[in-house]
Amino acid sequence: CDTPQDLVVGGYEVFSDKGVVGRREAPEENDPANIKYKFCFGYKTPIYLNSCLISRDLLMQVGPFDESLRRAQDQDYVLRMIKNTRNIGYISSYVYRHRKHRDKYIERIKYRGKNLIYRPQMLKKHTGIFEGALSIVVSSLFDIAKMIYEIRGEYYSRNILSS
């Protein structure tokens, strides 16, 4: 590709003390509107900030993290990058490993509970009234489903890599 990329995204792995418990490929999506849609209405986060290589120009356009958000600052940042990028590139390999620390029941409940409270703040910034309300309901349902999944210990009781 002759055009310089503003943003290059790779895949990532999720692991715990029990080994790799999940993998995400980089989404080969070039339409910022579709990526935003996946952030607002998808079960999985399409782009993880730590798996991104960001041009200096894009960093200057996006600016610093929004410290007024108590959670989801990374997702907010990715959505702002997507809104300002001209060219997105993808790397087919895993470029980041994310450690899942929540082995205790109460830690998993607290983490997902905080998402239920604070993610709507971030979503409101990036959506209109109708789309925002709908995305908050959808993301809340997904967070509840993820909470149940983690409480049941599904990350550790079966091999999710084959699904």
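**Salt bridges and a surface lysine**

Glu13, Arg23 and Arg97 are linked in a network of salt bridges. The structure is a predicted model, and the count of salt bridges in it comes to three. The points below take up the network, then the pair formed by aspartate 76 and arginine 80, and lastly lysine 110, which is exposed.

**The network around glutamate 13**

- Glutamate 13 and arginine 23 meet through their side chains in a salt bridge, with an N to O distance of 2.7 Å; because glutamate 13 lies in strand S1 (residues 7–16) and arginine 23 in strand S2 (residues 19–24), this pair ties together parts that are 10 residues apart in sequence.
- Glutamate 13 also forms a salt bridge with arginine 97, where the closest N and O atoms are 3.2 Å apart; since arginine 97 belongs to strand S4 (residues 88–99) and glutamate 13 to strand S1, the parts tied together here are 84 residues apart in sequence.
- Glutamate 13 counts as buried at 11% relative accessibility, whereas arginine 23 is partly exposed at 39% and arginine 97 is partly exposed at 46%.

**The pair within helix H3**

- Aspartate 76 and arginine 80 form a salt bridge whose closest N and O atoms are 3.1 Å apart, and both residues are buried.
- The two residues are four apart in helix H3 (residues 73–84), which means that about one helical turn separates them.

**Lysine 110**

- Lysine 110 lies in helix H4 (residues 105–126) and is exposed, with a relative accessible area of 52%.
- Between lysine 110 and methionine 147 the C-alpha to C-alpha distance is 9.4 Å, although they are 37 residues apart in sequence.

Definitions and conventions: Residues are numbered from 1 along each chain as its sequence is written. This is a predicted model: local features need pLDDT of at least 70, side-chain atom pairs count only at pLDDT 80 or more; totals for chains, interfaces and linings use all residues. Side-chain values use heavy atoms; hydrogens and water are left out. Buried means under 20% relative accessible area, exposed over 50%, partly exposed in between (1.4 Å probe, protein chains only). A salt bridge is a side-chain nitrogen of Lys or Arg within 4 Å of a carboxyl oxygen of Asp or Glu.
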